[in-house]
Each structure stands twice: as C-alpha cells, then as structure tokens.
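Let's take a walk through this one together. Have the viewer open, and we'll go from the overall picture down to a few side chains.

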Amino acid sequence: MFGIGGSEFIFIIFIAIMLFGADKIPEVARGLAKGMQQLKSATDDIKSEIHKTAAENGFDKESLTGGLSEEVIKVKENFAQIMENSNDRSFGLDKIKADITSELSPIKEDIESLEGPIKRQK
C-alpha cells in the first residue's frame, strides 16, 4: 500500500498516536478527509467551468490539437511501414541513415571550419 511496508506503516501509526493522542486521531482523520473532499470538489468545479467556457467560445479538443492526433497516427503508420520494409535497401533504415548523413555532413563541415577564439580540438 502506497509503496510502504508493514513495519513502516506501523511506525507511522505509532508516531501519529504519540503526536495527537488516541482520542484525537479520529478527529484528525475526519478533518483530513473533509479537506481532501473540498479540494476534489473545487478541482471538479474549476474543470467544469473551463470546459463550459471553452464550449461557449467554440473550442473543443479537436480544434485545440489542430489535427495533431491524425499526424501522430500517420507517423506511427510510416514507422511501422519502415520496420516492415527494413530488409529492402531502397526503403529501409539504410536509406534513412544515408539521408540523415547527407544532411549532417554540410553542417559538420561548417562547424569544423569555424575560426575564432574558440576552436574545436581534433
């Protein structure tokens, strides 16, 4: 329970009894429960107010994400296709590596040719 063992739980109960006394523990527990309930209620009220205001102004989940979910699905499909065709040299990971290397080579050359007070050591 909550990532603590039995001995830790017993120790916590023992400390609580020492701090509050046996007669005060039920009152403390009721107060904590009431506070947690009020916090949950306030959070739910804020959420419902935000959703209501967003709906009144014409905002919904789809308009806010701007079709992001569709793009994620497309990326997943493309990645699955790449993994399926990874043995095919024209479409597989070798082509991706070559594309990345061809893009990075000019950048690497530009960085290595920089001159100034700070130079890259070889």
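Accessible areas here come from the Shrake-Rupley method with a 1.4 Å probe. On that footing, the protein exposes about 11200 Å², and carbon and sulfur atoms supply 62% of that area. How much of the protein counts as buried? Just 3% of the 122 residues do, where buried means under 20% relative accessible area.

Keep in mind that this is a predicted model, so a look at confidence is in order. The average pLDDT for the protein is 78, and 75% of the residues score at least 70. Which elements sit at the two ends of the confidence scale? Helix 2 (residues 25–56) has the highest mean pLDDT, at 90, while helix 3 (residues 61–65) has the lowest, at 64.

As for the fold, you'll find 5 helices and 0 strands. Reading along the sequence gives you α-α-α-α-α.

Start with helix 1, which covers residues 6–20. Its end C-alpha atoms are 21 Å apart, and this agrees with expectation because 15 residues at 1.5 Å a residue should span 21 Å. Right after helix 1 comes Gly21, with a positive phi near 85°.

Now for the side chains. Phe11, Phe14, Ile15, Met18, Leu19 and Phe20 make a nonpolar surface patch of about 650 Å². The spacing in a helix helps in reading such a list. An α-helix has 3.6 residues a turn, so residues three or four places apart point the same way.

Take Leu19, one of the patch residues, which is found in helix 1. Is Leu19 buried or exposed? Leu19 has 63% relative accessibility, so it counts as exposed, the cut-off for that being over 50%.

Ile17 is also found in helix 1. With a relative accessible area of 40%, Ile17 is partly exposed, since that class lies between the 20% and 50% limits. What does Ile17 touch, leaving out residues up to four places away in sequence? Its contacts are Ala22 and Ile25. Ile25 brings us to helix 2, which covers residues 25–56.

Helix 2 has 32 residues and reaches 46 Å from its first C-alpha to its last. That is close to the 46 Å expected at 1.5 Å a residue. Just after helix 2, Gly58 takes a positive phi of about 85°.

Technical notes: Residues are numbered from 1 along each chain as its sequence is written. This is a predicted model: local features need pLDDT of at least 70, side-chain atom pairs count only at pLDDT 80 or more; totals for chains, interfaces and linings use all residues. Side-chain values use heavy atoms; hydrogens and water are left out. Helices (H or I, at least four residues) and strands (E, at least two) are DSSP runs, numbered from the N terminus. Buried means under 20% relative accessible area, exposed over 50%, partly exposed in between (1.4 Å probe, protein chains only). The expected span of a helix is 1.5 Å times one less than its number of residues. pLDDT is the predictor's confidence in each residue, from 0 to 100. Patches are made of residues with over 30% relative accessible area and no salt bridge: like charges are joined within 9 Å, nonpolar side chains (Val, Leu, Ile, Met, Phe, Trp, Tyr) within 5 Å. A salt bridge is a side-chain nitrogen of Lys or Arg within 4 Å of a carboxyl oxygen of Asp or Glu. Contact means heavy atoms within 4.5 Å.
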